[in-house]
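Welcome! Here is a short, friendly briefing to read alongside the sequence and the 3D view. Take your time and look up each residue as you go.

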Amino acid sequence: MKALLLISLLLLTVCAAAFSLPSTAQSDRAGTRPGRSFGKQYAVPASSLPELRSRFSLPSSLQPVSEDVASDDTITVSPLESFLPRGDKLDRSIIKISIPAIANFAINPLIGAVDLYFVGQMGNALALAGQSASNQVFSSAFWIISFLPSVTTPAVARHYAAGEIEKAQDVICQALILGSILGLMGTAFLLLKPDLALSSVLSANAPALQYARPYLKIRALAFLPSLMSTVGFSAFRGTMDTVTPLKISGFANAFNAVLDPVLIFKYGWGVSGAAIATVVAEFISALSYFTLLGKAKLIRLKKILALPSLSTLRPLLAGGAAVQLRAVALNVVFLAVTRATQTLDKTGVAAAAHSIAIQVFNVGGIFLLALSTVAAFLVPSKIVTEGEVEAKRTVNRLMGWGLVLGSLLGAFQLLLLPFISVFTPLKEVQLAARNPSIIASVLQVINGLVFIGEGVMQGCGDFLQLAVSNIVAGGAMLVALKYFTLWWGLTGVWMSFGVFNGVRLAGVLLHQLRNGALANRNLRNTTNA
């Protein structure tokens with residue numbers, strides 16, 4: 001945990017330095033139109049990662065064609081207005097945008113789920129616990145570093161839509177270069193210091209360490225290709241192509257599913273075989289992206305081999321700083337949870353049960369996370385094109401969808417309780433996973449509101465408030481985790497998740513009802529002619 005905090009602090013220091021650069025809005029007020037050169041200025045398009053007019057100065061190209069301000073007085077839009085889905089035009093547009101987003105997000109955790117399934121079939125609770133711990137460490141390290149998609153997609157989208165293919169190439173190639181550097185750093189750290197990395201979730205004498213160490217050292221080789229794949233995914237998404245990433249992810253995951261049982265059981269490599277299968281799948285994914293990006297003329301080898309200048313790297317770091325502040329807070333929490341479950345007992349039963357519950361919980365959350373990303377670009381688009389009042393009604397509808405989907409997912413997970421045995425034949429693990437799975441099902445209802453609300457906060461450009469909300473929630477959860485685990489064991493771990501999401505929900509409500517740009521007290525009655 002100390003190692004993670006030191007790495008996070010270093011990352012935040014770099015990001016803070018990047019934020020000291022003149023902002024997009026400042027350059028616009030100074031007479032420089034942002035976005036002309038990615039290496040000098042950086043601005044995200046209103047439809048992807050926008051800045052609200054009430055807080056930032058938009059470039060003239062992003063201003064509405066005609067705006068008629070009816071009154072400077074604030075108006076009131078009830079939180080329940082247009083709340084429930086009703087199959088109208090707004091619902092149809094939300095569904096149309098969300099389906100490909102859900103499909104893309106659904107692919108991401110499948111590699112972990114497939115590994116979990118086949119490792120579980122080994123009938124060894126410690127092997128399952130070790131694989132789960134290593135997977136959490138790898139995921140946390142990866143997502144703390146992997147901020148590139150958040151800043152690559154909007155830049156590519158703007159240049160591609162304008163027909164500026166050369167500039168789109170520059171963005172993608174620079175992101176690949178930076179991704180390569182970060183990927184090699186991540187691989188080196190996990191290969192050279194696996195025990196230090198695992199110390200964030202496992203004690204030095206943890207029995208599961210004998211399985212966690214080899215899995216993590218092999219999985220470390222996937223760091224670089226995984227980062228390359230995320231850049232490729234964001235590049236195609238910037239060109240509005242969501243089908244190609246879906247095909248690549250589907251093929252890579254299918255290959256992993258075929259290779260897992262062969263290496264784990266036929267060759268007898270166990271947990272290490274699962275890690276090798278994952279690494280091979282990640283390399284297949286990265287090579288596929290690289291090949292198809294080249295065919296689409298979105299990358300050029302000459303540009304990839306050219307080292308970027310500091311002025312080129314700064315916009316990427318600045319754009320990802322706020323994203324990383326939140327990612328650090330979230331991953332510190334998840335690592336603390338993993339460590340807590342690993343220390344509950346020496347048999348690995350509690351850790352194995354937790355790994356099953358968290359995997360099912362995360363798979364269900366994919367739908368909500370996808371809808372959250374839709375909110376992040378749909379809401380600001382509504383602000384620019386239809387005014388803040390319509391944007392507020394859109395927020396209400398998205399929150400309604402979040403509540404409905406969260407409730408449905410929770411109910412569905414409850415129905416799946418009898419099928420816990422699919423993940424492991426061990427009766428004691430099945431029994432231990434039951435209460436956490438029930439709590440996870442209830443928490444999906446809260447997640448529906450939290451995920452969408454935080455997507456709205458991103459769309460409004462309130463990244464700092466979002467980060468602070470998650471930091472406060474994380475602190476509250478760490479306190480709850482300390483005591484709830486002592487009182488109720490693994491069930492207490494999952495009760496602390498309730499504290500975490502409850503505080504996050506409070507942050508969402510504070511933003512929407514009090515201090516957000518679309519809160520009624522700040523709402524302007526603007527419409528497009």
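What follows is a tour of the chain as a whole, then one helix pair, some salt bridges and one glycine.

Please keep in mind that this is a predicted model. The chain has 18 helices and two strands. Of its 529 residues, 55% are buried.

**The chain as a whole**

- Among the contacts in the chain with a separation of 6 or more, 83% are between residues 24 or more positions apart.
- Eight salt bridges turn up in a search of the whole structure, and some of them are described below.

**Two helices side by side**

- Helix α9 covers residues 209-219 and helix α12 covers residues 270-295; the two pack at an angle of about 15°, and their axes are 8 Å apart.
- Why is α9 called roughly parallel to α12? An angle under 35 degrees counts as roughly parallel, and the angle for this pair is about 15°.
- The crossing of α9 and α12 is right-handed.
- On the α9 side, the contact is made by Tyr211, Pro214, Tyr215, Ile218 and Arg219.
- On the α12 side, the residues are Val271, Ser272, Ala274, Ala275, Ile276, Thr278 and Val279.
- Sorted by character, the residues in this contact of α9 with α12 are nine nonpolar, two polar and one charged.

**A salt bridge between distant parts of the chain**

- Arg397 and Asp88 form a salt bridge, with their closest N and O atoms 2.8 Å apart.
- Arg397 sits in helix α16 (residues 388-415), while Asp88 is in the loop between β1 (67-74) and α3 (89-107); the two are 309 residues apart.
- Is Arg397 buried or exposed? Arg397 has a relative accessibility of 2%, so it counts as buried.
- Its partner Asp88 is partly exposed, since its relative accessible area is 25%.

**A network of four residues**

- Glu166 and Arg300 meet through their side chains in a salt bridge of 3.6 Å, N to O.
- Because Glu166 lies in helix α7 (residues 165-192) and Arg300 in the loop between α12 and α13 (301-305), this pair ties together parts 134 residues apart in sequence.
- Both ends of this bridge are partly exposed: Glu166 has a relative accessible area of 43%, and Arg300 has one of 37%.
- Asp170 pairs with Lys303 in another salt bridge, where the closest N and O atoms are 2.9 Å apart.
- Asp170 is in helix α7 and Lys303 is in helix α13, so here the linked parts are 133 residues apart in sequence.
- Asp170 counts as partly exposed at 27% relative accessibility, whereas Lys303 counts as buried at 18%.
- Salt bridges with shared partners join Glu166, Asp170, Arg300 and Lys303 into one network.

**A glycine to look up**

- Where is Gly498? You can find Gly498 in helix α18, which spans residues 463-515.
- Gly498 is partly exposed, with 23% relative accessible area.
- Gly498 and Val442 are 56 residues apart along the chain, and their C-alpha atoms are separated by 9.1 Å.

Note on methods:
Residues numbered from 1 in each chain as written. Predicted model: local features only at pLDDT ≥ 70, side-chain atom pairs only at ≥ 80, totals over all residues. Heavy atoms only, no water. Axes fitted to C-alpha atoms, helices over the stretch in contact; angles between N-to-C directions. Helix = DSSP H or I, 4+ residues; strand = E, 2+ residues; numbered from the N terminus. Left-handed = near helix turned anticlockwise from the far one by under 90°. Contact = heavy atoms within 4.5 Å. Nonpolar A, V, L, I, M, F, W, Y, C, P; charged D, E, K, R; others polar. Salt bridge = Lys/Arg side-chain N within 4 Å of Asp/Glu carboxyl O. Buried < 20%, exposed > 50% of the residue type's maximum accessible area, 1.4 Å probe, protein only.
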